[in-house]
Amino acid sequence: MQARTPEDSKTTLTDLVLPSETNPLNNLFGGELLARMDRAASIAARRHSRRIVVTASVNHVAFNKAVPLGSVVTVEAKVSRAFKSSMEIYIDVWVEDRESGERSKANEAIYTFVAVDETGTPVAIPPLEPETELEKKRYEAALRRKQLSLVLAGKMKPSEATELKALFVNS
């Protein structure tokens, strides 16, 4: 299977925040943003794997900045690491200033998707070759996040989590 790059999976969704999508403070509902991130991540995972994909987990979400009514919000998703059948998708959320047009990062998230066949059975996916420094950093960190998740779920012994152990070993 030929490796793909994060850029091959890049997905950008841009939309306007409408009144029906806001809370009493006139900011985008968190759940609405989660749905937008899930859609973008799903497309990125499908572009990488060329298979049916399902959300396996939402590993991290940071609501760092409110997204006000009327804002232009852009969700960017890329595969940050591919494993056997699962993929970690890193999502950045940007908001445009209404007057200057400048973009600022508002939120981020990390989702995991699994590629499956028509019966829902996990299938092998292509490897990922990061290119930029940021892609390489996210790629390396993805393995640590996966090992931590497996240890916390009782599916991996802490002694087997080599990438996590490396963080705590004095050099």
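**Meeting the fold and a few of its residues**

Trainee: In what order do the elements of the protein run from the N terminus on?
Mentor: The model here is a predicted one, in which local features need pLDDT of at least 70 and side-chain atom pairs pLDDT of 80 or more, while totals for chains, interfaces and linings use all residues. Residue numbers start from 1 along each chain as its sequence is written, and side-chain values use heavy atoms, without hydrogens or water. Helices (H or I, at least four residues) and strands (E, at least two) are DSSP runs, numbered from the N terminus. Read from that end, the elements of the protein go α-β-α-β-β-β-β-α-α.

Trainee: How many helices and how many strands does the protein have?
Mentor: In the order of elements, α2 comes after β1, with a loop between them that holds N26. Further on, another loop lies between α2 and β2, and R50 is found there. Over the whole protein, the count is four helices and five strands.

Trainee: What does the C-alpha trace of the protein span along its principal axes?
Mentor: The trace belongs to a protein of 171 residues. Along its three principal axes, the span is about 50 × 45 × 30 Å.

Trainee: What share of the contacts joins residues at least 24 apart in sequence?
Mentor: Contact means heavy atoms within 4.5 Å. Taking the contacts in the protein between residues at least 6 apart in sequence, the share that joins residues at least 24 apart is 68%.

Trainee: What percentage of the residues is buried?
Mentor: A residue counts as buried under 20% relative accessible area, exposed over 50%, and partly exposed in between (1.4 Å probe, protein chains only). In this protein of 171 residues, the buried ones make up 39%.

Trainee: Let's visit some residues. Is S86 buried or exposed?
Mentor: You will find S86 in strand β4. Leaving aside neighbours within four places in sequence, S86 touches R81, T112, F113, V114, I125 and K146. Since its relative accessible area is 11%, S86 is classed as buried.

Trainee: Which residue in the loop between α2 and β2 has a positive phi?
Mentor: Look in that loop for a residue other than glycine whose phi is near 60°. Its relative accessible area is 55%, and therefore it is exposed. The residue in this loop with the positive phi is R50.

Trainee: What about N26: where is its phi?
Mentor: N26 has its place in the loop between β1 (11-16) and α2 (30-49). It is classed as partly exposed because its relative accessible area is 40%. N26 is a residue other than glycine, yet its phi is positive, near 65°.

Trainee: Over the ring of which residue does the charged end of R81 sit?
Mentor: A charge sits over a ring if NZ of Lys or CZ of Arg is within 6 Å of the ring centre and within 35 degrees of the ring normal. You have already met R81 as one of the contacts of S86. The charged end of R81 is 3.9 Å from the centre of the ring it sits over, and that ring belongs to Y139.

Trainee: How far is the charged end of R138 from the centre of the ring of Y90?
Mentor: Here, too, an arginine has its charged end over a tyrosine ring, with R138 placed over Y90. The distance from the charged end of R138 to the centre of that ring is 3.6 Å.
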